[in-house]
Amino acid sequence: MSGRSIKEFLQNRPIYYKKIDYERFPRAYAAIKDKIPLRNVIQIIGTNGKGSTGRFLANAIAAAGFNVGHYTSPHVFKLNERIYLGGRIAQNPVFALNSGASNFKNEQNSASASNFTEKQNSIKMQNFANRENSASQISISNLQNSSTQNLHSEQNSTLQNPVCTTQNFYSELNFISRNSIDTQNSASTQNLWNSQDLKFSSEQNFKFPLGSNFKSAQSSPPISLGRDATDEELDFAHEFLQESLPAEFKDSLSYFEYLTLAAAVLFRDCDYCVIEAGMGGEFDATSSFGRTLSLFTPIGTDHLGMLGQNLEQIAHTKLITMQQAAILSDEMSEVPLRIARQIAEQKGTHLRFATELLSKSEQAQIAEFCAHNNLPKFQISNLALAIAAMKFLNLKFEISQLPPLNLRGRMEVLAPNLRVDVGHNELAAQQVAREITEIYGGRKIVLIYNAFADKDVAAVLRTLAPVVEHVEIFNYEVADREMAAEAITRALDALKIPHSPFRGELRADEEYLVFGSFHLVENFILWLEARRG
């Protein structure tokens, strides 16, 4: 036993390596593979939308009556967010090691647990009130590891028809515009703070109490679908790995690699495993798992130098992992699409677009679901990709059974004039700019922004420029990551966009968007909570 919790253990795990050992994770996984067999692995790869697509799919699989695990990264507030359990396995959250530590069992497993329970399971919001952050300068340590590994494993699954021209079905659907918060759902919206008179500016207050459009599964579906892994489950997985891994891997695996194996431990009893790649594809730890299906969300230019020097190289790094069956987002752009077709031809992959597997009725239901749940328009293609995967897997369920998307920071509404989004690249900026135009029409916003030095901040800000009136730079720090302060200032000056350091106030007569990495969103909300205190 390690004697430490997994969270304590991971505090000392490296995030980045100067020299990457591409064989380390495959060898570590091979050493314990027989102890943690995974069934029906669906891998999700792309630049944007992986987390939302994976959560839509996991909830749909749970709604169909199966046990499912969803592995996503990074997290906004707690490590637990990365490992999600759905179906009846989510109703029995206690695991224990047996005497040999080679198998594990669910201590609450009973005859009645063999049937999918319909008892609702409320997903608890995180309480930030006890986090001590008195200033906007906040140091954090948990960051998704960028040095991931590669191993290809082929499984035979088939789709019937060749790829065809992409369909942009947005124009075919009557999507309902959202210009204000859905007041019908306000009662079920979870408040981050109970105060009704929060003051963020010496001049004006918010017109409404600060809240969130993050909705729990308790508010709509008639069945319980899933929840984040508990601390006890994470520690169980840690103990399992410490007892099962060869000594050479116990302390050498990176933060992301170790968590990937921990997820595999907790997914052992799952019927389906929805596994989101980290930043890569070919060099990603998750590509060591045998896969039934590959899903690809839109691919854009991100992590230059790590995944490739241009879009063509980045797309190849991600798409080369496709298995015998793969489904593409309908929003895939021309360059990645061309490369996907080339790779599919070389590997004999049956490649399809999401909407090729969906009826017109299903497409309409997808758009209606997103509108009803106040989701941004770009979530239509993510949900379509998830439902297309359900069709391929021949899993039957009703779209109406899905709960609202229970992931933080996806154009999340914290107040009528305050939204946060974890997009951090040009592709995400394009989607968000369209959404801002949809929401506010011609009115421009105040952008609260910062980024790491390895991001193409000029492209991001150029994309957002048409909808931005002023930029406020929110300062925070992350260990081992350099911020792009000078590059941001140069880009804003070149675009002639007024900018200043974050003012520390939020006015009711302005519309705000906090846009950037998971770290920016976390630090901003923690600042907001500290300010309230």
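What follows is a chat between two people about helix packing, a sheet and some salt bridges in a predicted model.

Colleague: Let's start with the helices. Is H4 roughly parallel or roughly perpendicular to H6?

Modeller: Helix H4 covers residues 231–244 and helix H6 covers 255–266, and their axes sit 9 Å apart. The packing angle is about 105°, and 65 to 115 degrees is the window for perpendicular. So H4 against H6 comes out as roughly perpendicular.

Colleague: And the residues of that contact, how many are nonpolar?

Modeller: On the H4 side you'll find Phe 236, Phe 240 and Leu 241 among others, and they meet H6 residues including Tyr 258, Leu 261 and Val 265. Two of the contact residues are polar and one is charged. The nonpolar count is 10.

Colleague: Moving to the six-stranded open sheet, which strands stand at the edges?

Modeller: The order runs S12-S13-S18-S14-S15-S17, with mixed pairing. An edge strand here has a single partner, so one side of it is left without a neighbour in the sheet. That applies to S12 (412–415) and S17 (499–501).

Colleague: How is S12 joined to S13, and which residue is the bridge partner of Ala 415?

Modeller: S12 and S13 (residues 418–421) run antiparallel, with three bridges joining them. For Ala 415, the partner in S13 is Leu 418.

Colleague: Which helix lies across S12, S13, S14 and S18?

Modeller: Two helices are worth a look here. H12 (residues 457–464) lies across S14, S15 and S18, at about 165° to S14. The one you're after spans residues 518–532 and runs at about 145° to S13. That's H14.

Colleague: Now the salt bridges. How many residues apart in sequence are Asp 271 and Arg 39?

Modeller: The closest N and O atoms of this pair are 3.8 Å apart, and the cut-off is 4 Å. Asp 271 is in the loop between H6 and S8, while Arg 39 is in the loop between H2 and S1, so the bridge ties together parts separated by 232 residues.

Colleague: In the Arg 503 salt bridge, which partner is buried?

Modeller: Arg 503 pairs with Glu 472 at 3.2 Å between the closest N and O atoms. Arg 503 has 44% relative accessibility, so it's partly exposed. Buried means under 20%, and at 0% the one that qualifies is Glu 472.

Colleague: Same sort of check for Arg 507 and Asp 509: what is the N to O distance?

Modeller: Arg 507 is buried at 15% relative accessible area, whereas Asp 509, at 34%, counts as partly exposed. Their side chains meet in a salt bridge with an N to O distance of 2.8 Å.

How values were computed
Residues numbered from 1 in each chain as written. Predicted model: local features only at pLDDT ≥ 70, side-chain atom pairs only at ≥ 80, totals over all residues. Heavy atoms only, no water. Axes fitted to C-alpha atoms, helices over the stretch in contact; angles between N-to-C directions. Helix = DSSP H or I, 4+ residues; strand = E, 2+ residues; numbered from the N terminus. Parallel < 35°, antiparallel > 145°, perpendicular 65-115°, else oblique. Contact = heavy atoms within 4.5 Å. Nonpolar A, V, L, I, M, F, W, Y, C, P; charged D, E, K, R; others polar. Pairing = 2+ DSSP bridges. Buried < 20%, exposed > 50% of the residue type's maximum accessible area, 1.4 Å probe, protein only.
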